[in-house]
Amino acid sequence: MQGAFMAGGNAIRGTRVGAGPMGEAERGEAAPRRRIPFWCANGHDTRVAFASDADVPELWDCPRCGLPAGQDQENPPPAPRTEPYKTHLAYVRERRSDADGDALLEEALTRLRGRRGA
Ligand SMILES: [Zn+2]
């Protein structure tokens, strides 16, 4: 009896929650959308739908090439040339931490050897 009740409840709930065309229409009215065009340096235009009360970001990643896209078609954001620099910096940092690690290791080993020798 309990099982039958639960099954019936699930069936009714399922039909109510199931996304119907009416539900979608109501949702669309509640949150009107605007389409904001973004242009990337490669000339791709991307239109992104935002809720009318949503904050529109200045930049949007172009889904086609991954470059940052801006809302000014005449002046799209430049391709990120900082990337190689960042990579280089990361490389330098990596090297430096490696060197530090080696130095620390060397120091520890020297101390160990010193204690053992003494
Ligand atoms: Zn693009």
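1. A residue is called exposed when its relative accessible area is over 50%, buried when that area is under 20%, and partly exposed in between. L105, at 52%, is therefore exposed. The model discussed here is a predicted one.

2. Overall make-up. The protein chain contains three helices and four strands. Read from the N terminus, the order of these elements is α-α-β-β-β-β-α. The chain has 118 residues, and 11% of them count as buried. Its accessible surface is about 10,100 Å², and carbon and sulfur atoms supply 54% of that area. Among contacts with a separation of 6 or more, 26% are between residues 24 or more positions apart.

3. The nonpolar patch. L105 sits in helix α3, which covers residues 82-117. Which residues form a nonpolar patch on the surface with L105? They are L109 and L112, and the three together have about 250 Å² of accessible area. A patch residue must have over 30% relative accessible area, so L105, at 52%, passes that cut-off.

4. The negative patch. Helix α3 is also the place of E94. E94 belongs to a negative surface patch, whose other members are D98, D100, D102 and E106. Is E94 buried or exposed? E94 has a relative accessibility of 52%, so E94 counts as exposed.

5. A salt bridge in helix α3. Side chains of opposite charge can pair when their charged atoms come close. One such pair is E107 and R111, whose side chains form a salt bridge with an N to O distance of 2.6 Å. Both residues lie in helix α3 and are four residues apart, which is about one turn of the helix. E107 has a relative accessible area of 42%; because this value falls between 20% and 50%, E107 is partly exposed.

6. The network around D45. How many salt bridges does a search of the whole structure find? The search finds three. Apart from the pair in helix α3, D45 takes part in a salt bridge with R47, where the closest N and O atoms are 3.8 Å apart. The side chain of D45 also meets that of R64 in a salt bridge, at 4.0 Å from N to O. This second pair links distant parts of the chain: D45 is in strand β2 (residues 45-51), while R64 is in the loop between β3 (59-61) and β4 (68-70), 19 residues apart. D45, R47 and R64 are thus linked in a network of salt bridges.

7. Exposure within that network. D45 is partly exposed, with a relative accessible area of 32%. R47 is partly exposed as well, at 47%. R64 has a relative accessible area of 57%, so R64 is exposed.

8. A buried cysteine. C40 lies in strand β1, residues 33-40. Its relative accessible area is 1%, and because this is under 20%, C40 is buried. With neighbours within four places in sequence left aside, C40 is in contact with C62, C65, L67, P68, A69 and P76. C40 and Q71 are 31 residues apart in sequence, and their C-alpha atoms are 8.8 Å apart in space.

Definitions and conventions: Residues numbered from 1 in each chain as written. Predicted model: local features only at pLDDT ≥ 70, side-chain atom pairs only at ≥ 80, totals over all residues. Heavy atoms only, no water. Patch = residues over 30% accessible without salt bridge, like charges linked within 9 Å, V, L, I, M, F, W, Y side chains within 5 Å. Areas by Shrake-Rupley, 256 points an atom, 1.4 Å probe, with all protein chains shown as cover. Helix = DSSP H or I, 4+ residues; strand = E, 2+ residues; numbered from the N terminus. Buried < 20%, exposed > 50% of the residue type's maximum accessible area, 1.4 Å probe, protein only. Lys, Arg positive; Asp, Glu negative; His and termini not counted. Charge placed at Lys NZ, Arg CZ, Asp CG, Glu CD. Contact = heavy atoms within 4.5 Å.
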